[in-house]
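Colleague: Could you take me through one part of this model in detail? I would like to look at chain B, its domains and how they meet.

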Amino acid sequence: MSVARFWRKQINRYNIVGTHCKTCDTHYYPPRNVCPKCRRDGDIESYKFAGPGEVVTYTIIHTAAEGFEMQAPYALAIIELDEGPRFTSQVVCDPVEVSIGLRVKPVFRKLGESGDKGMIYYGTKYVPDNDRN
Amino acid sequence: MRDVAIIGVKNTNFGEMWDRSFRDIVVEAGVGAIEDSGISGEKLDGMYVGNMSGGQFVEQEHIGALIADYSGLSLDLHIPSTRVEAACASGGLAFRQAVMAVASGHEDLVMAAGVEKMTDVSSTAASAALAAAADREWEGIMGATFPGLYAMIAKMHMHQYGTTSEQLAAVAVKNHKNGSMNPIAQYKNLITVDNVLNSIMVADPLHIFDCSPITDGASALVLAPADIAHEYTDTPIYVKATAQASDTIALHDRRDIATLDASVAAGKRAYEMAKMTPADIDLVEVHDCFTIAEICAIEDLGFVKKGLGGKMTEDGETAIGGKIPVNTSGGLKACGHPVGATGIKQLVEVTQQLRGDSGPRQVDGAEVGMTHNVGGSGATAVVNILARKR
Ligand SMILES: CC(C)(COP(=O)(O)OP(=O)(O)OC[C@H]1O[C@@H](n2cnc3c(N)ncnc32)[C@H](O)[C@@H]1OP(=O)(O)O)[C@@H](O)C(=O)NCCC(=O)NCCS
Ligand SMILES: [Zn+2]
């Protein structure tokens, strides 16, 4: 992914910043500029999420995506934030620890890099929230 | 709207074809379909070609023009040719555009084709190209692969309904058996449930034998207004419905992870259009890009209650001779999955079945057939219904 394309959404990725529709009180992460429920009647504001959430479903990836070979096997999951929205992230732990319903909290981690000398991307991954499991 | 019929069909062989180029295979399919229809190429009013990613697989865009040119339909005839893209549903979309062109009266004789040449790049590069069918900025960036996304659907299905790895494997076993009777199939070997369970894990719970492969292949068919179809063929196959639906691009935004709402919506629209119900369908080609996808498809299209697709497969009800034969071609799993071609290949298979031309894998007395083609992890679905009688 190009530097500009990553940089554009850097705040959203680093700080879990999404959006909130004031009309229907729905939270969006990844951010949306148009509320799918209200469309033109929506009133969108920026919203910073608290962070904690729960694993909705997951997989352990053995055949890695390009650029993720060093991380395999890794746990990819759909996570539901406490405010409601769902998104895709990795759960960093021993893969056998991951399960549906597992409580997780965010950590700042390297996501990947473009080539040997290319840019390194950072962002939010998740770890088990052992105080809440 | 006018009724529309299929008057000619052709699939190339599916598989790894190192000695043949993108344009070689698509021209073979196109010329084959025209020959089968008995028309001559200059009579075509238009062409619609499904192709997911010529740009990434063979560094070629402007596919429509290339194909018209190498089919000999450009230099003197200047026949319009349109490329259509919806990831793995590109072929299904091309068909729907072609049907609408004929139904509206805008064009009479029209070709719908699909093509993908996937083995000219490494399998890592092919997987990266396929991953572009998901949300690059919010799924791909986290290390999501296509097997990974469908694996998350499978985990959810297992959690909600108790579906087992053995039931997933039963889909692959059946489809390899059907593929063994299909001369064009990429894999013609028989496999067992144990073979699947002991094959390498790609994305838990999906093994390599739960996945469709990387494939080269092309398919084409010719459409005509139903009123004149008999001028060209004794066995026109009629298009009773063509329906399409959209859902969220990312899997994480779906209403229910284990249901493809786009399949449900496209299926409903197709049944309404054809004035039919699942009980009227004699066979169906579904989009089994992964074994779990076939289980979801037979549920989402109404052939079995949600959650019971695994059991239905294990019980043999989806085999040839069963209650509703599913993927007589071998499906994406065994016949192969050249992504842009798959939607058209499904229609070619059902047309041949309804004509009674399917040899050892023929479904006895097949009158009505369905095809179901999905893009990405379920963001696009196309469902078509074909019938032997108008
Ligand atoms: C599953 C997958 C990752 C395997 O790719 P790979 O690890 O590069 O596998 P290879 O090409 O090295 O193949 C290894 C062997 O397994 C066989 N094989 C590969 N994929 C297979 C499959 N899906 N089914 C059966 N056998 C398969 C190959 O023929 C090869 O056999 P050989 O050693 O006898 O020649 C790849 O096929 C894939 O990504 N499939 C999914 C495609 C997809 O996502 N399509 C879009 C869906 S919407
Ligand atoms: Zn709203």
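Modeller: Happily; here is chain B, from its domains down to one pair of helices. This is a predicted model, in which local features need pLDDT of at least 70, side-chain atom pairs count only at pLDDT 80 or more, and totals for chains, interfaces and linings use all residues. Residues are numbered from 1 along each chain as its sequence is written, chains are lettered from A and ligands numbered from 1 in the order in which they are written, and side-chain values use heavy atoms, leaving out hydrogens and water.

Chain B splits into domain 1 (4-123 + 215-237) and domain 2 (135-211 + 239-387), with bounds from an automatic or database domain assignment. Their centres, taken over C-alpha atoms, are 23 Å apart. Across the boundary, 44 residues of domain 1 of chain B are in contact with 34 residues of domain 2 of chain B, contact meaning heavy atoms within 4.5 Å. Together the two domains bury about 2900 Å², 66% of it on carbon and sulfur atoms; buried area is the accessible area (1.4 Å probe) that two parts lose on being put together, summed over both. On the domain 1 side, B:F14, B:C88 and B:I237 supply 25% of the area buried against domain 2 of chain B, more than any other three residues.

Now for the helices, which are DSSP runs (H or I, at least four residues) numbered from the N terminus. The axes of α1 (residues 22-37) and α3 (residues 63-70) of chain B come within 10 Å and cross at roughly 65°; axes are lines fitted to C-alpha atoms, for helices over the stretch in contact, with angles from 0 to 180 degrees between N-to-C directions. From α1(B), the contact uses B:F22, B:R23, B:V26 and B:V27, and from α3(B), B:I63, B:L66, B:I67 and B:Y70.

Notes
Helix = DSSP H or I, 4+ residues; strand = E, 2+ residues; numbered from the N terminus.
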